[in-house]
Each structure stands twice: as C-alpha cells, then as structure tokens.
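These are my notes on the model, set out as numbered points. They take the interface first and then one arginine.

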Amino acid sequence: MIIASRKPFAEIKKSIELYENILVVGCGTCVAVCLAGGKKEVGLLASQLRMSFALDKKKIQISEETLERQCDHEFLETIREPLKEFDCLLSLACGAGVQFLAETYPGKKVFPGVNTSFIGVAEAAGLWTERCRACGDCLLAITGGICPRTLCVKGLNNGPCGGMIDGKCEVDPERPCAWVSIYERLAEEGRVNQIEIMFPPTDFRFQTKPGRVTHRAYLRRYNAGSK
Amino acid sequence: MPDPSKFAQALGTDSFIVTCELDPPKGFVPSLLDRKIAVLKNKVQAVVVSDNPRARMLMAPVGFCRYLLDQGLELIMTLTCRDRNRLALQSDLLAAAGLGIQNILAVTGDYITWGDHPEGKPVYDLDSIQLIWAISQLNSNRDISGNVIEGTAPSFTIGSAVALTGNPVGPQVLKFRKKEKAGVHFFMSHPVFDLADVEEFFKQVVEIQTPLLASVCLLTEEQIRGYVLGNYPGLLIQDSLSDKFKSVHSTEFQPRMIEHTARLIETIKKDGRFRGVHLMLQGAEEQIGELI
Ligand code: SF4
Ligand code: SF4
C-alpha cells in the first residue's frame, strides 16, 4: 500500500488560512491504514485546526468528510453536491488522491495534508517500510523476492557495492545490505546461479512518467484508455 | 588498435607495481597540485585520478587527466556510476580516449550523502559491472546500444574494485567473478589493513587470473580517533589497529602510521598474491618516499 505521513501542523495551517470554509477530506484506504489520513486523523486534524484558528480569533469553518478512496471517480462523485459550499479542500489522501480530487473539482482550492512517502508494508505495529519503487519491470523472480531497486540505496542490479560492511549497508549500518539478503536467500534455496550472470542495464522506458496502464479486457469491451 | 598502455604492459611483467591515488583539485587550477605531481611522477607506475571521491565535488577527472598527461604521467582515470548516466559515462570515455587516457578504473561510487552535496540526485544508471561491460564494448567499437563508434578503438585497460575484506565474503566473491566475466583487466582492492582480513576471500578464490593490487590506506589521526563502524564508506578498521594508535601522541602520529604502513606494504610485497600496491595517502602524497 501507499505510505504517507501527516505534514507538520504549522505548514498545513499556513496553507489554508486564507479560506473561510474548509473541508478536510480523508481517504479510507492506504492512508487510513498507516494512520495518516483516515477518518480518525481527519477528526484530529479538524479539531486541532478549529482550536488553533479560534485562539487566533479567526472565523474559519472546518468540516470533515472521509471517502472510501480518493483515487476513484466513483467515490469522489459522492461529495459533488455537499462540496458546493466549501471554498477550500484539505485532502489527507496520498498525492494521487489529492490530484484526482483537484482534477474532479476544478475551481476548488485543494491542498495536501500529508507527505506521500512510498509503497510499503506494515512491518511492525506503527512501522511501515518501503518495498517497491514501481519500476514497471519487476525483477523479483531473479532476486529471490527481494527488490534491489528499492532496498539497495544505490539501486544496484548486480551485487553488493564495496561499501557493505558486516552485512550492513554503506549508508545505514542499521540496515541489512539488500544484496547480502538476496545472496543469502538464493544460496539457501540453491539458486545463486540466477545472479551469476550480468543483469543488463535497467530499461528506464518502463519508468517513463507519467505511467499509464490499460487493462486489455476493458480496452476491448469499452474502448477504455483509447483517448 | 593502439598499443596497450604502459600500465597494461607493466601488468604483464613480474615487477611489483605501485600506484597512488590523487584527487583532482577543488578548484579551477590544476597547477595547485604541481608539487604532489612532481613527487609522484618518479615514484609510481601510474597515478589513479579519483572521481569526486566520497561524493565531494572536484575537478572532473577527464580534465585533470589531460593536465597530468601533459606532464608525462601514466594515468588510471576513475569513473564512478554515481554522477553520470549511461550517455555521460560513455561520452566521458570517448573524451578520455580522444585525449589518450587508456586506463580506467570503473567503480560504483560512494553514496552521495557522504559528500558535500548530500541533497543531490544520485544516478547509478549503470552499476560497476555494467560499466565494465560498457568499456569492453567501446574497446570493440560499439556503444552499449550497439551503435558503431567511429575511429580506432581505444584499447582501454579496465580496472575495478574488489572488497577483499567484505563480510560475508560470498556476495563479494560473486561480484568479483561477475566483473571478471564482464571483461575487467585488473583489480584494486578496498583498503586492506591486515592480511589476516583477506583470508576468507582467498579461501573461496583460490587462484586469481586477473592481476590484483592491494590498496593500502595511510590512515589519518581523525580516522583512527573518530572511527565507528559505518562512519567512513567502505572502511573497516579493526579494534586491534585503532587501539594501537589511539594512545599515540598527535606529534608522533603520522611518522608512526607511516612506519606501520610501510611494514604492511612490505608484507604485501612478500605475500605473492598481489601484483602490486595501490596507495591511498589521503593528502600525504608528498610523503610517498617514506613508504616505498
Ligand atoms: S523490481 Fe522492485 S521496484 Fe520494480 S516492480 Fe519489482 S519490487 Fe517494484
Ligand atoms: S551496501 Fe548493499 S544495500 Fe547498501 S548501497 Fe551497497 S549494495 Fe546497496
């Protein structure tokens, strides 16, 4: 899932203080799970903003709404009517959600309330760690299910750099070197030969921005993505 | 094809080779380093020109190499994967060939946050193995996309690094083998401080076909006193060594370290597994005469 964390309160407050009628829009999917922008966080931030603006003696109306997802037309449409009374939307969705909200409601001032960090996993309670850079050409079949493009800080394709010390990464002695993890996993599985030949340079065309994927079945049936 | 470089010829003989690292100036004027250059000229088979070492922005190696060539030095130009994508790496190699630089040390490069522009974007479009392969391709008049390169192929002598003291050693041996397959002609190790530290590697790599130079680093007082595992990229200083030097008074530090390092060089010379030493003197290049 997508991991995000809330922006500093002062930054959020400053970005919206020119407006009078603000809707804090949460997202019930990834950012809810990582406790950055779900219903609960929307409530907390809205109260914090209300109190803070009240102390400043500013008359700013703060309302709350949390959608199931902000990256989907279906859910964004559900607030079309109520949205009319707001001049500013503060979205706690990931960067994609914020943009889709802005795109769906031109004319509304939209601001982000979180910093979107990465695609990751819930490694332990309250700890999320990155696993995938969405490179568009997954090589996990070769690297034993461990991604060097993400877990190696240099994104190396062909084994550890010389900076690895005692199995740890050159850049962070607390973190295992991705290539040591890959090697050991493959050795255990008797598959080291998979990484003995040179992996060719990455084809960055798979990462040309902005990415676009059309599901083939939909392309046939509804002509989706043809525009 | 042009003649192999003087350094390549030396690799083919039995003589014990000495190379020394030299950082380009942090400045516009290469002559800032004239004194060091004059000392090194008569002491080493080749000067290894570093490429933004530890991610510190210095004069581009290809430019500094041009200056050194004019002074008649034999050069090994370092090229790291950190700062250039595949176009820039290859075009720097064409420039190097055009200037007559024949020896290249292809390395990954210390991560950008070690240096003086920690906010910058690290590149690593190719890794060191792919870079070795790219240079081999250029040697046969092709770029890595398969396009023909006009003119006489450069006959680069290709070097790379090997972490002999890497632990665990398995992944480093894997990388070493891959570099051999990619077409490397010689290796320079990461700094070795005690030959006991390389034994694990040599258990797995019993016979080395490719010439290997052991790197010897003249440690600074700051490195000894401030060392904690992981605070210098790729540097593994055992407690036994730092304990020996921690109590040495500042005024005595460098002479004692030079003495110690000179003994290490002698041991490496006698060891038989190394074709030479590569010296990393970290600013003390003018003292090279006290080491060899
Ligand atoms: S190789 Fe890594 S970055 Fe690319 S898709 Fe697979 S997990 Fe993601
Ligand atoms: S130590 Fe390992 S994980 Fe860290 S940069 Fe080097 S190869 Fe990548």
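**Notes on the interface and on B:Arg275**

1. Chain A and chain B bury about 2,600 Å² between them, and 62% of that area is on carbon and sulfur atoms. Buried area here is the accessible area (1.4 Å probe) that two parts lose on being put together, summed over both. This is a predicted model: local features need pLDDT of at least 70, side-chain atom pairs count only at pLDDT 80 or more, and totals for chains, interfaces and linings use all residues. Side-chain values use heavy atoms, with hydrogens and water left out.

2. On the side of chain A that touches chain B, 19 residues are nonpolar, seven polar and five charged. Gly counts as polar in this division.

3. Contact (heavy atoms within 4.5 Å) links 31 residues of chain A with 32 residues of chain B.

4. The rule finds zero salt bridges across the interface of chain A and chain B; a salt bridge needs a side-chain nitrogen of Lys or Arg within 4 Å of a carboxyl oxygen of Asp or Glu. Polar contacts (N or O atoms within 3.5 Å, one able to donate a hydrogen and the other to accept it) join 17 residue pairs there, both residues at pLDDT 80 or more.

5. B:Arg275 sits in the loop between α10 (250-271) and β8 (276-280) of chain B. Helices (H or I, at least four residues) and strands (E, at least two) are DSSP runs.

6. B:Arg275 is buried but has no salt bridge, and B:Asp14, the nearest side chain of opposite charge, is 5.9 Å away. Buried means under 20% relative accessible area (1.4 Å probe, protein chains only).

7. What does the side chain of B:Arg275 reach at 2.5 Å? The backbone oxygen of B:Thr13. A polar atom of the B:Arg275 side chain also lies 3.0 Å from the backbone oxygen of B:Leu11.

Notes
Residues are numbered from 1 along each chain as its sequence is written. Chains are lettered from A and ligands numbered from 1 in the order in which they are written. Buried means under 20% relative accessible area, exposed over 50%, partly exposed in between (1.4 Å probe, protein chains only). Lys and Arg count as positive and Asp and Glu as negative; His and the chain ends are not counted.
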